[in-house]
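Welcome! Let us walk through this structure together, one stop at a time.

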Amino acid sequence: MWLVLCDAHDAAAAWAARQLSACGLQPLEVLSADQLALSDFQEHRLEGRHGWTLRLRTEAGLQVDGASLQGVLNRLYTVPIAHWRQAPEADQAYVQQELVAFFLSWLHALRCPVINRPTPQGLCGPWRMESEWAWLARRAGLPVATYRQTSRDRIDEARGVRRLVPQGALVGTALVTCGRTFGLALPPTVSEACLRLAELSGTSLLGIDFVGHEQQAWSFAGASPTPDLRLGGEALIATLMDALTRHREAA
């Protein structure tokens with residue numbers, strides 16, 4: 001069995017699952033974060049240095065045994081706790097922290113190919129602030145516009161603000177995975193820098209945004225471990241097929 005793990009409204013993940021299934025990746029199941037959080041049964045054990053088990057059963061009756069999984073496309077970024085909304089806020093925060101730790105552990109323990117393994121900074125790879133991405137992008141050799149943020153900028157006021165994207169600018173996204181780039185037709189030097197950014201960020205499938213700039217034809221505008229996979233088309237699906245059907249890693 002192969003799994004696509006995603007948000008319930010992740011249209012790009014649903015598209016990728018349909019394409020992968022049509023290409024012969026079967027049986028393939030799409031499991032949303034809500035389905036996982038509301039599972040009838042969840043068991044994950046760590047036994048000694050290398051031993052581990054994972055067993056899940058969803059409300060719909062789907063049973064998942066971690067030992068039989070062949071590959072996972074992971075786009076989880078949070079664990080919903082709507083079913084805890086009647087609890088005090090402090091208890092809700094505690095439950096979410098515990099669930100994230102639980103999910104992080106079993107996702108990390110899987111021995112099959114996992115595209116975008118979890119890290120302590122995110123369930124599908126590191127989530128970073130725009131300033132962190134700008135610093136990494138510059139290290140990778142990508143053109144980056146001057147980034148400015150002061151101590152007077154409150155976090156709540158800056159939420160959702162993309163300082164590297166001028167107002168009204170169009171954004172294009174390149175996808176990077178398995179040593180290749182997809183989506184945008186990038187110059188060789190920019191493509192190589194994208195590969196370096198994915199490596200530096202520790203993200204096996206990364207979306208990298210660019211905007212046109214007066215001084216730079218390609219200007220870094222941000223990055224995400226959950227890009228729109230549809231931008232990669234058939235070429236991306238073929239590459240994901242290859243990555244998800246490799247021999248399982250040694251235990």
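Buried means under 20% relative accessible area, exposed means over 50%, and partly exposed lies in between, with a 1.4 Å probe and protein chains only. With that in hand, meet Arg75: at 4% relative accessibility, Arg75 counts as buried. You will find Arg75 in the loop between β6 (71-74) and α3 (89-109); helices (H or I, at least four residues) and strands (E, at least two) are DSSP runs, numbered from the N terminus.

Before going further, a word on what you are looking at. This is a predicted model, in which local features need pLDDT of at least 70, side-chain atom pairs count only at pLDDT 80 or more, and totals for chains, interfaces and linings use all residues. Residues are numbered from 1 along each chain as its sequence is written, and side-chain values use heavy atoms, with hydrogens and water left out. The predictor's confidence in each residue is called pLDDT and runs from 0 to 100. The protein averages a pLDDT of 88, and 92% of the residues score at least 70. Confidence is highest in helix α1 (residues 11-22), at a mean of 98, and lowest in helix α5 (residues 155-158), at 51.

Back to Arg75, then. What does Arg75 contact, leaving aside its neighbours within four places in sequence? The answer is Leu5, Cys6, Asp10, Ala12, Ala13, Cys124, Thr226, Pro227 and Leu229, where contact means heavy atoms within 4.5 Å. Arg75 and Asp7 are 68 residues apart in sequence, and their C-alpha atoms are 7.4 Å apart in space.

Next, look at how α1 packs with another helix. The axes of α1 and helix α7 (residues 233-244) are 10 Å apart and make an angle of about 70 degrees. Here axes are lines fitted to C-alpha atoms, for helices over the stretch in contact, and angles run from 0 to 180 degrees between N-to-C directions. This angle makes α1 roughly perpendicular to α7, because angles under 35 degrees count as roughly parallel, over 145 as roughly antiparallel, 65 to 115 as roughly perpendicular and the rest as oblique. The crossing of α1 and α7 is right-handed: the near helix is turned clockwise from the far one by less than a right angle, while anticlockwise would be left-handed. On the α1 side, Trp15, Ala16, Gln19 and Leu20 take part, and they meet Gly233, Ile237, Leu240, Met241 and Leu244 of α7. By class, this contact of α1 with α7 has 7 nonpolar, 2 polar and no charged residues; Ala, Val, Leu, Ile, Met, Phe, Trp, Tyr, Cys and Pro count as nonpolar, Asp, Glu, Lys and Arg as charged, and the others, Gly among them, as polar.

Now turn to a second pair. α4 and helix α6 (residues 188-201) pack at about 125 degrees, with their axes 8 Å apart. The two helices, α4 and α6, are therefore oblique to each other. Trp133, Leu136, Ala137, Arg139 and Ala140 of α4 make the contact with Ala193, Arg196, Leu197, Leu200 and Ser201 of α6. Sorted by class, the contact of α4 with α6 has 7 nonpolar, 1 polar and 2 charged residues.

Finally, pause at some backbone details. In the loop between α1 and β2 (28-32) lies Pro27, and a cis peptide bond with omega of about -5 degrees joins Gln26 and Pro27. Asn116 has a positive phi of about 75 degrees although it is not a glycine, and at 3% relative accessibility Asn116 counts as buried. Cys178 has a positive phi too, near 55 degrees, but at 36% relative accessibility Cys178 counts as partly exposed.
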